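This briefing concerns a single protein structure. Please examine the sequence and the coordinates together before reading the notes below.

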Amino acid sequence: MSSETPALSAASTAADAAPQVAVPDNVLLADWQGAYDGVPPFDKVSPELFPEAIQFGIDEQRREVLAIADNPAAPTFANTVEALEKSGQRLGRVLSLFGVMTSNMTTPAYQALDKEWSPKLSAANDEIILNEKLFARIKAVYEARESAGLDAKQQRLVTRLYESFARRGANLDAAEKAQLSAYNQQLATAFANFSEKVLADESTFITATEAELKGVPADVKAAAASAANERKLPAGSYAIVNTRSAVDPVLTFADNRALREKVWRAFVNRGDNGDANDTNATIAEIVKLRAERARLLGFANHAEWRMQDTMAKTPANAEALMMRVWPAAVARVKEEVRDQQAIADKSGAKITIEPWDYRYYQEKVRKARYDLSQDEVKPYFELNNIIEASYWAAGELYGLDFKEVTGTVPTWNPDIRVYSVTNRATGKQVGVFYRDDYARTGKRSGAWATTYRRRAGLLGDEIVLGSNNNNFVKPAPGEPVLISLDDAETLFHEFGHAIHYFLSDVYYPSFGGTPRDFVEYPSQVNENWLLTPAVLSKFAKHYKTGAPMPQALLDKIEASSKFNQGFATVEYLSSALVDMALHTDPDGIVDPDAFERDTLAKLGMPKEMAMRHRLPQFNHLFSSDAYSAGYYSYLWSETMDADTWAAFEEVGNVWDKATAGRFRETLLSTGNETDRAEAYRGFRGRDPDVNALLKKRGFPTQ
């Protein structure tokens, strides 16, 4: 669906009248050049360029905003709201580059810049939000919105803008505004400190010998050998880097229990070792500042404040959903542990299942129950094939074509691959897609999606620039990258974000983003197509022989689709429940380790498991405000995801183009132009049914 240009023109705005200042000769400040309406100059970026660039961007945005606030003309939608939508574009481009450097290419120089500039950027943002004259103009447009001839989207934009400013402190008095800005700057510094400490612990590694790695697949050992070589360890050494993609295969396959425990403890204790990289004091500072800020803004706690602009609306609604799922998940874990213990006993191991045993013995249960092991599947999940599978599925469902381009688009690392994205039906350029798939020193862990330019009619931006960032272990030269089923699902998940931003087609830039508990929904839906027969038969080919995955193996994968759901659900949901409990505490005075331990005890957390993200390394919560009191959003989104997949199943064809078209037109292309709950009802004819989620996970329905 194409967004139509509103009746009110933004051709002449107060922001256009802002004083013009000569732009310094700094490549970060220049308009993006080259193909695809200009692309970021990633190859020309260096740390010393950023101070001048960020400061100039802040100053330019200030001039633009002051021109709006000081405009002597009566406030209108065009000279106030649209003008604000157009402001700060150069600063946005600079920060896109800065974000890549601090997430994908961190060095001590970039960490120092992050700590220096994060509070300054926070202060600059507060200066806009807390500008009395600007807020008065926004309020005037808001109060006249129903009589000013605005269409529904414009009224929604005005309402959201007014409510956002009010929620973020625009109605406070001068002393309160100063205190709020101080809180925000202190938090920005603490976020940078937290990220630096976690990254330092993720840069550590465990050494292992050939004998200790008995049972570990050859490709995993080869990657560990390559990591050891990169770190200049003696010949014959192996290095298990302290990141999930390196640790999980060892915990799944290593026969050596002592090694499993050593690797597990190093991983779960990142940020929690009482040393210079310990994050507990930083977390305590962040939680206390958040509680004080929420109280200043008139909210009972941080969660109440953060959830104002979400689909769930309140902590109680999010908790209600989580607690509908939690008991069934815990009960399933108890069954899984019982099955593991039986196999351990039968083998004569004489152990009691501990957290470092869970993946290892669960893999043996999988083998016993389904005659299936991850090691049997991985040879058919070669990284490049799964990437191509994700592109093929996007083409079949949404008509997007991905073609790799080389030599024309600058990248931040030689390993980055770039793709031109076009509309299959029209041949029109849709976007440019960057793939940063490999782990490296200085790159934060996990997987994420980023956009560098979104489609927005008001700004004339048509070609979307975005990336997927993964942390697969880079193999030795000439070796294949074989990924697990979990890794393949992560790849499809992140690519779902990419599909969402390539299809989003809004006029106003602010509508390009969606509520936190909606944003994971399109990505979770996309995971479903990975294990469809069409994808597996075309792309699950043996990396050596090219032979397709045998039907017998396909059948076993299908039969085991609900396997291990207790572990997966409890691992995630425990993190979400602790997050919500932490941020509904009105005082915010906590000992993070004790709080985590006590909260899990109250929940009845199985002792054989740990949270997916323990508080000391929980980047979602403490590297920014983004997911704080919001980690529940994956479950909220997955409820919609399960119900959406059911819509495809109900028509008898998960590749049904009519259903995919409705999904695209109603939910993917519309950004946040309409209320997302209403949009979902427009697609499904009703609210999502949580029973679809329970059924998908193999839990009893309610």
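The notes that follow treat one helix, one loop residue and one glycine in turn. The model is predicted.

**Helix H14**

- Helix H14 covers residues 355-370, a run of 16 residues.
- At 1.5 Å a residue, this helix should span 22 Å, and the separation of 23 Å between its end C-alpha atoms agrees with that expectation.
- The buried residues of H14 include the aromatic side chains Trp356, Tyr358, Tyr360 and Tyr361.
- Charged residues are also among the buried positions of H14, including Asp357, Arg359, Glu363 and Arg366.
- Pro355, Gln362 and Val365 are likewise buried.
- The packing partners of these buried residues are the helices H9 (244-253), H10 (257-268), H13 (315-346), H15 (374-377) and H22 (565-583).
- Asp371 follows H14 and has a positive phi, near 55°.

**Ser237**

- Ser237 is located in the loop that connects helix H8 (218-230) with strand S2 (238-241).
- Its side chain reaches the backbone oxygen of Pro234 at a distance of 2.7 Å.
- Leaving aside residues up to four places away in sequence, Ser237 touches Ala208, Ala225 and Ala228.

**Gly99**

- Gly99 belongs to helix H3, which comprises residues 89-104.
- Gly99 counts as partly exposed because its relative accessibility is 28%, and the partly exposed class lies between the limits of 20% and 50%.
- Although Gly99 and Thr450 are 351 residues apart along the chain, their C-alpha atoms are separated by 9.2 Å.

Note on methods
Residues numbered from 1 in each chain as written. Predicted model: local features only at pLDDT ≥ 70, side-chain atom pairs only at ≥ 80, totals over all residues. Heavy atoms only, no water. Helix = DSSP H or I, 4+ residues; strand = E, 2+ residues; numbered from the N terminus. Expected span 1.5 Å × (residues − 1). Buried < 20%, exposed > 50% of the residue type's maximum accessible area, 1.4 Å probe, protein only. Contact = heavy atoms within 4.5 Å. Polar contact = N/O pair within 3.5 Å; in protein donor to acceptor, adjacent residues only side chain to side chain.
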